[in-house]
Amino acid sequence: MLFAYESSIHLQEYKERRAGLCRKVQQEGDVKSGVIVLIANFDDDVDSRYPIVQERNFYYYTGVELPGAVLVLEFNGKTTLYIQNNSSVYQHFTEHCFDTSKACAERVGVDEVKYLGQDTDTRCMSPFVTVGEYGNLIAFLQVQINQGKKIVTGYPLKKTGYVLQKCLLNHLSKNFVSNLDQAIVDCSDMIIGMRLCKTEGEIQCMRHAHEISEQAHRALAQAIVPGKNEGDLDGVFRTVCKIAGTELSYPPIIASGKNGTILHYNSNDQPLVSGDLIVVDAGLHVDYGCTDITRTYPVSGKFTTRQKELYQYVLDCQTYIASIAKPGMYIKNPKYPEKCLNTLAHKFLDECGVDQYFSHSLGHYLGTDVHDVGDYSQPLVVGNVFTIEPGVYIAAESVGIRIEDNYLVTEDGVTCLSESLPKSIEAIEEMVSVKV
């Protein structure tokens, strides 16, 4: 949907997030004079045939799925959304057309909407903008810099992250805005700090997403029949998501037999063989509130004795970790092994004699992204959401088993957001046995 505030996250929440970021930048970042600039993803498809996947920070502070836009936050409280100067012709190609009217500004929750530049035929946008496309914003930034103000934005020194945004800022600095490179102040860590603790609106979006995810997983489980193809199950999951009006969090992993030992298997094109297991790692998002859920199903409807043994090890490991997870514990910080859930999970499976087959970390932060932002050197706090996903992968036996659920950190422990999707051996067998 175009505006997330039509659902569980209301317009006022985005305003509060923006105000909170301004306070953080001034207090924690010690920036006394400046503007915050947040940049949307670009749409460089001339026909706009594919839905935009919005830059997560931009979406977190706006709720707007609009390509090529720029949000400017001034310390005096003024908020301006800069948008492409779409021609009337362009409006026939896409629904993502705004205007600079007061009504549009009120609808988005900003003080003003302005055009990025004077060009009126910007049917696509890339980081390599022209003066015609970006002239108004270029002039605004130059005035701020000339007045000695800082340009606060996401620009971490590490190689990964913010690649398109860095490309745009470097392009502007080199060609159009004098001394921009000297004025930039990175605020990515402050944004991470805000995104880590989920608001009630975010949690409601994620709960809704989990309800739909459960329906999709159940429909997929009921469609498992020897002789079918992994792609058939992929189609079932995607269909339920589409009917529910949601989008995938990531391309589903539908991995049967030995494919289940490949962590990021994505071909999803092999036949289902009786006696094999099938790892289904699939989730969706509601207004970018993501789910990331994995279940392992027996293709024939029943686990073998060996499969039951391995499956129970994995399930018991997850149950144990969920029982001890709480604020103050770490997801994966080896400096504190007695409080590190990842270390304790590996120790648990080692005692079961299968840790050598657990080839990945226990879990990750979850939220606006599937692998959400977060500093793993820091302990869990109330409001974090993360995954617990132990697994066993034995290629020689063509057996892959993973069980993954999503947990909200509370004051005295964790709450499983995906607990309504069964995972015991008996419940899994029953779910697969139901045919529609």
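Me: Which residues have the most contacts inside the largest nonpolar core?
Reply: Ile224, Ile278, Tyr297 and Phe386, in a core of 60 residues. A nonpolar core here is a set of buried Ala, Val, Leu, Ile, Met, Phe, Trp, Tyr and Cys residues joined through side-chain atoms within 4.5 Å. Buried means under 20% relative accessible area, with a 1.4 Å probe and protein chains only.

Me: Which helix gives this core its largest share?
Reply: Helix 10, residues 305–324, with 7 residues. Helices (H or I, at least four residues) and strands (E, at least two) are DSSP runs, numbered from the N terminus.

Me: What kind of model is this?
Reply: A predicted one: local features need pLDDT of at least 70, side-chain atom pairs count only at pLDDT 80 or more, and totals for chains, interfaces and linings use all residues. Residues are numbered from 1 along each chain as its sequence is written, and side-chain values use heavy atoms, with hydrogens and water left out.

Me: Back to helix 10. How does helix 10 cross helix 11?
Reply: The axes of helix 10 and helix 11 (residues 341–351) come within 10 Å and cross at roughly 145°. Axes are lines fitted to C-alpha atoms, for helices over the stretch in contact, and angles run from 0 to 180 degrees between N-to-C directions.

Me: Which residues make the contact?
Reply: Helix 10 brings Tyr313, Asp316, Cys317, Tyr320, Ile321 and Ile324, and helix 11 brings Leu341, Leu344, Ala345, Phe348 and Leu349. Contact means heavy atoms within 4.5 Å.

Me: New topic, the sheet. What is the strand order?
Reply: The sheet is open, has 6 strands in the order 4-3-2-1-5-6, and its pairing is mixed. Two strands pair if DSSP finds at least two bridges between them.

Me: Why is one side of strand 4 and of strand 6 left without a neighbour?
Reply: Strand 4 (112–115) and strand 6 (184–186) are at the edges and each has a single partner strand, so one side of each has no neighbour in the sheet.

Me: And strand 1, buried or exposed?
Reply: Strand 1 (residues 34–39) has 6 of its 6 residues buried. Gly34, Ile36 and Leu38 lie on one side, and Val35, Val37 and Ile39 on the other.

Me: How does strand 1 pair with strand 5 and strand 2?
Reply: With strand 5 (residues 150–153) the pairing is parallel, over 3 bridges, and Gly34 has Lys150 as its bridge partner. With strand 2 (residues 70–74) strand 1 runs antiparallel, joined by 5 bridges, and Leu38 is partnered by Leu71.

Me: Which strands does helix 5 touch?
Reply: Helix 5 (residues 163–175) packs on the sheet and touches strand 1, strand 5 and strand 6.

How values were computed
Buried means under 20% relative accessible area, exposed over 50%, partly exposed in between (1.4 Å probe, protein chains only).
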